[in-house]
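Please examine the sequence and the three-dimensional structure shown here. The paragraphs that follow lead through selected parts.

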Amino acid sequence: KTKKWDGAQMNFPIKYQKGVSSVAFNGFDLLPITQQPSTVNMTFYTSFVATNVALAGSDLSINATPMQTLKLAQVMMESRSQDAADDVGNFLQGDGTSFGGKAPMGLTGAVDNGTVLSTYGGLSRASYTGLNSTVTASGGTISLVKVRTLWNSISDGPVIPNFIITDYTTWGYFEQLQTPYQRNNQDFSPSNRTVASTSGYSEQRWDGMIISRDKKVTTGYFYMLNLDVLNWYALKWHKGQTVTPKAKDIEGNVYEDKIYAPGNAFTWTGFIDAYNQGTQNGFMILGGQLINLAPFRNGVLTGIAGV
């Protein structure tokens, strides 16, 4: 989900321990009068990602003749917007350390137990255990027991994960765990993105959660996420207009699907003429940060290579 960024930095308090213990009493027994600190702030800073669109005036001039076969500026905008979405997809599977730490946070860092990032939100994961996700080495295989064990470790009462995402290969391994009856007889509506098919799946579900697949996810990773606490906080560029990776002139564009729609995440600055060249250049800019407010409510199985 996308929320709005606010301020130079965003602070989120987390509870890291219980306060003063409750007491049983009677009559004139003395009651506790002290306070035990129990919260501390996570601090996050925004990141910006820019994708440029550069065009030579000579090419635009030639393209404006009657022999034009395509609208050069329009097609280049569509092509580069897809490049931008693809690059951001890479960032969102990373750990935020590329480009000298200027990159947006990704799942590898946000759903971690200190193995990748020793700190999160400016706090030590060793000191504040609630910043640690459940990261479980699968031992090379995936099973329903391992998936349920992961679910148990990050769930408590009504607070449960609500989305699973994995790579294509692991998605296929999980499909093998379904019973033959489930694989060959489910027939639900594809408009609801459920298990619509009579042989194989277009979308799998487990315990009410959609199991989505994405080629950007690290091979062998099976993320179980709570999207109530994991959000993208977007900061719109100070001027410009919204841009989308959807395209009219480029066939086979994966970003046409509504599940990849970026909302208002990207801003187009408009073209700027070069002062010493016959060219123009503009930027598609993404601003914001991926923030996990409760890492311990998210988990991942790693190293999956079969069933």
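**From a buried salt bridge to the sheet**

Asp112 is buried, with a relative accessible area of 3%; buried means under 20% relative accessible area, exposed over 50%, and partly exposed in between, with a 1.4 Å probe and protein chains only. The model is a predicted one, in which local features need pLDDT of at least 70 and side-chain atom pairs count only at pLDDT 80 or more, while totals for chains, interfaces and linings use all residues. Residues are numbered from 1 along each chain as its sequence is written, and side-chain values use heavy atoms, with hydrogens and water left out.

The side chain of Asp112 meets that of Arg125 in a salt bridge, 3.1 Å from N to O. The term salt bridge denotes a side-chain nitrogen of Lys or Arg within 4 Å of a carboxyl oxygen of Asp or Glu. Asp112 lies in the loop between helix H4 (107-110) and strand S5 (119-120), and Arg125 in the loop between strand S6 (123-124) and S7, so the pair ties together parts that are 13 residues apart in sequence. Helices (H or I, at least four residues) and strands (E, at least two) are DSSP runs, numbered from the N terminus. Arg125 is also buried, at a relative accessible area of 1%.

By this rule there are 4 salt bridges. Another one joins Asp86 to Lys216, with the closest N and O atoms 2.7 Å apart. Because Asp86 belongs to helix H2 and Lys216 to the loop between S10 and S11, this pair ties together parts that are 130 residues apart in sequence. Asp86 is partly exposed at 30% relative accessible area, and Lys216 is partly exposed at 24%.

Helix H2 (residues 72-91) deserves attention in its own right. The helix has 20 residues and reaches 28 Å from its first C-alpha to its last, close to the 28 Å expected at 1.5 Å a residue; the expected span is 1.5 Å times one less than the number of residues. Its buried residues include Leu72, Val75, Ala84, Val88 and Phe91. The buried residues of H2 pack against several elements, among them strand S4 (47-56), helix H1 (57-63) and strand S16 (279-292), where contact means heavy atoms within 4.5 Å.

In a regular strand, side chains alternate between the two faces of the sheet. Strand S2 (residues 9-15) shows such alternation: Met10, Phe12 and Ile14 point to one face and are buried, whereas Gln9, Asn11, Pro13 and Lys15 point to the other and are not. S2 runs antiparallel to strand S3 (residues 39-45), and 7 bridges join them. Two strands pair if DSSP finds at least two bridges between them. Within this pair, Gln9 stands opposite Tyr45 in S3.

Elsewhere, an open sheet of 6 strands follows the order S7-S17-S11-S8-S10-S9, with mixed pairing. Strand S7 (134-137) and strand S9 (204-206) are its edge strands, each pairing on one side only. Inside the sheet, strand S11 (residues 222-225) and strand S17 (residues 299-302) run antiparallel and are joined by 3 bridges. Phe222 stands opposite Leu301 in S17.

A final salt bridge leads back to this sheet. The side chains of Asp207 and Arg148 meet at 3.1 Å, N to O. Asp207 lies in the loop between S9 and S10 and Arg148 in helix H5, so parts 59 residues apart in sequence are tied together. Asp207 has a positive phi of about 50 degrees, although it is not a glycine.
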